[in-house]
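User: I would like a close look at one part of this model, namely how its helices pack against each other. Please set that part in the context of the whole chain and of the unusual backbone spots.

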Amino acid sequence: MIYALIPLLPFAAFLILGLFGHWIRERAHLVAVPAVLGSFVLSLGAFAAVADGQTISVLLYTWLTSGDLRIEIGLMVDRLAAAMLLLVTIVSGLVHVYTIGYMHGERGYARFFSYVALFTFSMLMLVMADNFLQLFVFWEAVGLCSYLLIGHWYERPSACAAATKAFIVNRVGDFGFLLGVLLVVLSFGSLEYRHVFSQAADLAGESLNLLRPVGGNWEVPTLSVICLLLFLGAIGKSAQVPLHVWLPDAMEGPTPISALIHAATMVTAGVFLVARLAPLYNLSPAVMTIVAVTGAVTMVLGASIALTQFDIKRVVAYSTVSQLGYMMMACGLGAYTAGIYHLLTHGAFKALLFLGCGSVIIALHHEQDMRRLGGLKDKMPVTYWTFVIGALALSGFPLTAGFFSKDAILVEAWSAGGLGKILALFGVLTAFLTAFYSFRLVFVTFWGAPRYDSQHTGPVHEPSKTMTVPLLILAALSIVTGYLGVPAFLQAVLSPPGIEAEPPSGSHGPAAWGLMLLTTAVGLGGIGLAYLAYVRSPELPDRLARQWQRAYRLSFHKWYVDEAYDRTVVRPTVMLADRLWERVDMGVIDAAVNGVARTIAWWGWLMRLIQSGQAQHYALGMTVGAVLLLGVYLLF
Amino acid sequence: MIPLSYYVILSSIVFVTGLVGVLIRRNIIIILLSVELMLNATNINFVAFSHFFQNMTGQVFVFFALTVAAAEVAVGLAIIIALYRSKNTINVDEFQLLKW
């Protein structure tokens with residue numbers, strides 16, 4: 001029962017800071033940080049408790065019972081959830097500490113901490129959910145917190161627009177998610193994981209007729225429809241193509257939340273979903289293929305765009321999109337363990353990279369364009385070296401955690417059949433691109449001569465300890481998590497389709513070693529090419545850009561996806577809204593209401609005419625009335 | 001005997017004449033005259049019925065009605081004089097202060 005405190009401590013912090021933030025102000029961290037640290041300690045306890053394979057189940061509250069349907073709020077912690085708990089509490093805790101320095105002196109200090117606490121609470125409840133409805137409620141809740149935090153500096157219209165965009169794009173996915181949940185309750189009669197999983201195999205043969213409303217006949221397996229609809233939610237939340245467009249714009253928010261929400265935790269909820277529902281997905285091979293291909297497309301697209309962006313946060317954002325694609329691809333090919341492993345290591349090094357960007361941004365007074373940076377590696381050594389470690393982990397450099405997890409994905413992918421081999425090759429290509437853009441970021445931002453205006457920025461120095469210590473911890477984690485035996489830990493809970501308890505990191509056969517060497521070579525090649533292009537021959541990038549202009553433009557303009565959406569979705573919707581406003585709201589509704597008023601006024605004017613002031617007219621009226629009454633009396 | 005209906009018809013003719021006079025004429029004094037006509041028409045009616053039913057009540061009522069009519073005329077004329085003093089006209093059409 002004590003485990004209920006894991007989410008409740010941050011929730012209490014949210015309530016206190018939300019209600020009393022106005023008076024707490026710059027002491028807000030004194031409420032928020034201990035709460036998260038408390039959650040972390042309890043998560044360690046939970047982790048230890050489930051390490052031997054047990055599952056903790058806590059029933060908190062029966063929400064409603066209706067006939068046969070029973071909806072409860074409860075917690076379920078198994079190894080997967082325990083690993084996620086640690087990820088969320090550690091990254092959230094480090095971000096809390098980092099924020100003390102980053103948001104120091106800002107007006108919205110307490111409000112920021114209250115929303116981050118709310119987010120932490122929601123994410124923890126999502127991860128520990130034991131039924132679909134609770135999952136969905138907290139799925140939406142983290143989306144809400146994302147909206148609130150992206151728009152933290154709400155005086156900026158671009159921030160508000162980005163927050164709205166994130167929420168709406170998420171909503172598109174969530175629509176599919178909700179339909180999936182409805183279908184689950186209709187097919188299984190229950191929303192709890194344990195009931196659904198145990199009955200899943202029974203539903204394997206059933207199918208739905210999708211064209212029934214229009215009198216046609218197209219039978220699809222029910223489980224596949226469920227999994228596909230739920231995956232739509234994951235597409236939105238985890239920024240997969242085509243719903244990836246909100247994540248780069250979410251960089252409008254403060255950097256600490258870019259690190260927490262848009263790198264380590266919220267966006268990983270989609271991958272977590274697929275892994276958590278592995279028993280269902282294992283029974284729908286068609287949907288798994290869709291998941292894998294979507295992940296692969298996202299992986300390549302994200303990396304291709306990150307190559308040319310100039311805003312340092314956007315490079316890291318597109319990198320996140322790409323890495324999420326890796327994870328989703330792994331899950332789609334049945335390598336859930338590898339996918340979650342990468343999720344955990346990525347949480348460490350991606351948060352590190354974002355926080356490193358934050359240090360640079362703060363040190364240079366909110367300069368984010370890499371063309372105006374440079375020459376920082378001697379002025380900000382801690383930031384520089386931790387950033388390099390993060391970039392190495394991202395590029396899959398040997399001995400970092402990223403190396404082990406990315407390698408796990410590629411090896412498992414290769415051994416997953418024909419499609420797996422093709423996607424694994426794309427994974428190798430993307431590893432090359434990843435190494436290239438990561439070190440492009442490092443070299444352009446930190447090396448070379450300073451290109452910033454030192455009049456404007458003042459002396460550039462390392463930020464405070466509250467900001468550098470989290471960087472150091474995350475750098476250590478980016479290396480250490482490779483050696484903790486994570487795959488073996490997760491394997492017990494996440495088995496791929498069909499085969500039981502296969503040893504982790506699949507087959508250590510010749511193909512696996514070959515792949516490992518190829519990936520390493522490719523990664524080093526990427527780093528080398530970046531060195532060549534940005535340190536040795538600085539005119540090389542421009543020459544390449546001019547030579548392959550169409551490709552460069554596609555990459556720089558993000559494959560024109562936003563423009564396509566604007567033309568096909570946004571503008572028609574705005575036009576429809578305008579028409580409805582003019583014709584229906586003003587033309588019909590307002591006209592009706594005003595019309596009623598006008599009619600009554602007209603009738604009143606008409607009635608007024610009777611009052612002529614002449615007594616004889618009134619006498620006439622009386623006479624006519626008397627005659628009528630007499631007539632009625634005589635006739636009836 | 002003269003049938004009752006003749007008296008009733010006479011009474012109604014006189015009444016309607018008076019009524020139409022009230023509604024149509026523009027001279028206040030003529031209107032007052034028409035009102036008197038209506039009152040007297042009802043008196044005729046009362047007397048006719050009293051004779052027909054051999055009941056004195058009708059004729060007693062006529063006494064009261066006549067008295068009231070006389071008092072009413074006195075008051076009515078006083079009002080007409082007050083109106084004339086105020087507006088210098090006895091044309092009813094010009095008294096429309098209470099018009100909308």
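Analyst: What follows goes from the whole chain to the helix pairs, and then to the core, the loops and the chain contact.

This is a predicted model, in which local features need pLDDT of at least 70 and side-chain atom pairs count only at pLDDT 80 or more, while totals for chains, interfaces and linings use all residues. Residues are numbered from 1 along each chain as its sequence is written, and chains are lettered from A and ligands numbered from 1 in the order in which they are written.

Chain A has 26 helices and four strands; helices (H or I, at least four residues) and strands (E, at least two) are DSSP runs, numbered from the N terminus. Along the principal axes, the C-alpha atoms of chain A fill a box of roughly 115 × 70 × 55 Å. Of the 636 residues in chain A, 49% are buried. A residue is buried if 20 or more other C-beta atoms lie within 10 Å of its own, exposed if 12 or fewer, and partly exposed in between, with C-beta atoms placed from the backbone. Two residues are in contact if their C-beta atoms, placed from the backbone, lie within 7 Å. Among contacts in chain A between residues at least 6 apart in sequence, 79% join residues at least 24 apart.

Now the helix pairs. Two packed helices are described by the angle between their axes and the distance between the axes. Here axes are lines fitted to C-alpha atoms, for helices over the stretch in contact, and angles run from 0 to 180 degrees between N-to-C directions. Angles under 35 degrees count as roughly parallel, over 145 as roughly antiparallel, 65 to 115 as roughly perpendicular and the rest as oblique.

Helix α16 (residues 381-394) of chain A packs on helix α18 (residues 417-446) of chain A at an angle of about 165°, the axes being 9 Å apart. The pair α16(A) and α18(A) is therefore roughly antiparallel. Their crossing, α16(A) with α18(A), is left-handed, a term used if the near helix is turned anticlockwise from the far one by less than a right angle, with right-handed used if clockwise. From α16(A), the residues A:Y384, A:F387, A:V388, A:A391 and A:L394 meet A:T434, A:S438, A:F439, A:L441, A:V442 and A:F446 in α18(A). By class, this contact of α16(A) with α18(A) has nine nonpolar, two polar and no charged residues. In that scheme Ala, Val, Leu, Ile, Met, Phe, Trp, Tyr, Cys and Pro count as nonpolar, Asp, Glu, Lys and Arg as charged, and the others, Gly among them, as polar.

In the second pair, the axes of helix α17 (residues 401-414) and helix α22 (residues 510-536) of chain A come within 10 Å and cross at roughly 135°. That angle makes α17(A) oblique to α22(A). The crossing of α17(A) and α22(A) is right-handed. On the α17(A) side are A:K406, A:D407, A:L410, A:V411 and A:W414, which meet A:A511, A:A512, A:L515, A:M516 and A:T519 in α22(A). The residues of this contact of α17(A) with α22(A) divide into seven nonpolar, one polar and two charged.

The largest nonpolar core holds 202 residues, and A:V274, A:A351 and A:A413 touch the most other members. Such a core is a set of buried Ala, Val, Leu, Ile, Met, Phe, Trp, Tyr and Cys residues joined through C-beta atoms within 7 Å. Leaving aside residues up to four places away in sequence, A:A351 touches A:V91, A:A259, A:L260, A:A263, A:A264 and A:L474.

Next come the backbone spots. The peptide bond from A:V241 to A:P242 is cis, with omega near 0°. A:P242 lies in the loop between α8 (222-237) and α9 (246-249) of chain A. A:V241 counts as buried, with 21 C-beta neighbours inside 10 Å. Not counting residues up to four places away in sequence, A:V241 touches A:T294, A:V297, A:T298 and A:L301.

A:K558 has a positive phi of about 55° although it is not a glycine, and A:K558 lies in the loop between α24 (549-556) and α25 (561-608) of chain A. A:K558 is buried, with 20 other C-beta atoms within 10 Å. In A:W559, also not a glycine, phi is positive and near 60°. A:W559 counts as partly exposed, with 15 C-beta neighbours inside 10 Å.

Finally, the contact between chains A and B takes 10 residues from chain A and 10 residues from chain B. On the chain A side, helix α26 (residues 615-635) gives the largest share, five residues.
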